[in-house]
Amino acid sequence: MTIMADAPMAVTRPPLPRRPIPHERTPDRPTPSGTRPHPRRAAADTARHDDTDARQLLDALYREYAPMVTRVAARALRPSDRGLADDIAQETWLATWQHLLRGNELRSPAGFLAMRARRSAVDHYRLARVRREEAVDYTDGLAVARLASVIGAAA
């Protein structure tokens, strides 16, 4: 048996290509002549400075659909929580304003607003469940006693 340990064989491999850094410019990747900002960032900057169209549209929508949004919000809430309808309606208008500022269109404003109001009401209850809040009528002695026992058990 012969062992060939006298002269190690040199294996020559070509060097691996170096991956360019994302913003690095090389001869094969020159700097673009007309640099453009990111589309979302450009839209946000434009919306921040020129939102007059969105304001006018939101004003017109509010004048026409405000009672409907409040009604839908009240119907989506429990009877004991009907006082929250104005808060839910306000969240709906805020979401609509943000939707318009992003440059989105409303093909069916009544449908969009009604859907948004219902979803805001559902979100309210979902968050209340996460926070484990309960509505308590403080004029009812039994409810106050139950609340005191819950607080005492937690402490």
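# Salt bridges and a bent helix

Colleague: Which side chain meets that of Asp51 in a salt bridge?
Modeller: Keep in mind that this is a predicted model. A salt bridge needs a side-chain nitrogen of Lys or Arg within 4 Å of a carboxyl oxygen of Asp or Glu. Here the N to O distance is 3.3 Å, and the side chain that meets Asp51 belongs to Arg55.

Colleague: Okay, and is Asp51 buried or exposed?
Modeller: Its relative accessible area comes out at 14%. The cut-off for buried is under 20%. Since 14% falls under that cut-off, Asp51 counts as buried.

Colleague: How many salt bridges does a search of the whole structure find?
Modeller: The pair Asp51 and Arg55 is one salt bridge, and Arg63 with Asp59 is another, at 2.8 Å from N to O. Searching the whole structure gives a total of four.

Colleague: Where do Arg63 and Asp59 both lie?
Modeller: Arg63 is exposed, at 60% relative accessibility, while Asp59 is partly exposed, at 40%. They are four residues apart, about one turn of the helix. In an α-helix, residues three or four places apart point the same way, because there are 3.6 residues a turn. The helix that holds both Arg63 and Asp59 is α2.

Colleague: What about Arg126 and Asp123: which residue joins them in one salt-bridge network?
Modeller: Arg126 and Asp123 sit three residues apart in helix α4, so about one helical turn separates them. Their closest N and O atoms are 2.9 Å apart. Arg126 is partly exposed at 44%, and Asp123 is partly exposed too, at 29%. Salt bridges with shared partners link these two into one network with Arg116.

Colleague: Back to α2. At which residue does it bend?
Modeller: Helix α2 covers residues 52–76. The bend is about 65°, and a proline, Pro67, follows within four residues of it. The residue at the bend is on the list of buried ones in α2, which includes Leu61 and Val69. That residue is Tyr65.

Colleague: What is the angle at which α2 and α3 pack?
Modeller: Their axes are 9 Å apart, and the crossing is right-handed. Among the contact residues are Leu61 and Tyr65 of α2, plus Trp93 and Trp97 of α3. By class, the contact has 17 nonpolar, three polar and two charged residues. As for the angle between α2 and α3, it is about 150°.

Methods: Residues are numbered from 1 along each chain as its sequence is written. This is a predicted model: local features need pLDDT of at least 70, side-chain atom pairs count only at pLDDT 80 or more; totals for chains, interfaces and linings use all residues. Side-chain values use heavy atoms; hydrogens and water are left out. Axes are lines fitted to C-alpha atoms, for helices over the stretch in contact, and angles run from 0 to 180 degrees between N-to-C directions. Helices (H or I, at least four residues) and strands (E, at least two) are DSSP runs, numbered from the N terminus. A crossing is left-handed if the near helix is turned anticlockwise from the far one by less than a right angle, and right-handed if clockwise. Contact means heavy atoms within 4.5 Å. Ala, Val, Leu, Ile, Met, Phe, Trp, Tyr, Cys and Pro count as nonpolar, Asp, Glu, Lys and Arg as charged, and the others, Gly among them, as polar. The bend at a residue is the angle between axes fitted to the seven residues ending there and the seven starting there. Buried means under 20% relative accessible area, exposed over 50%, partly exposed in between (1.4 Å probe, protein chains only).
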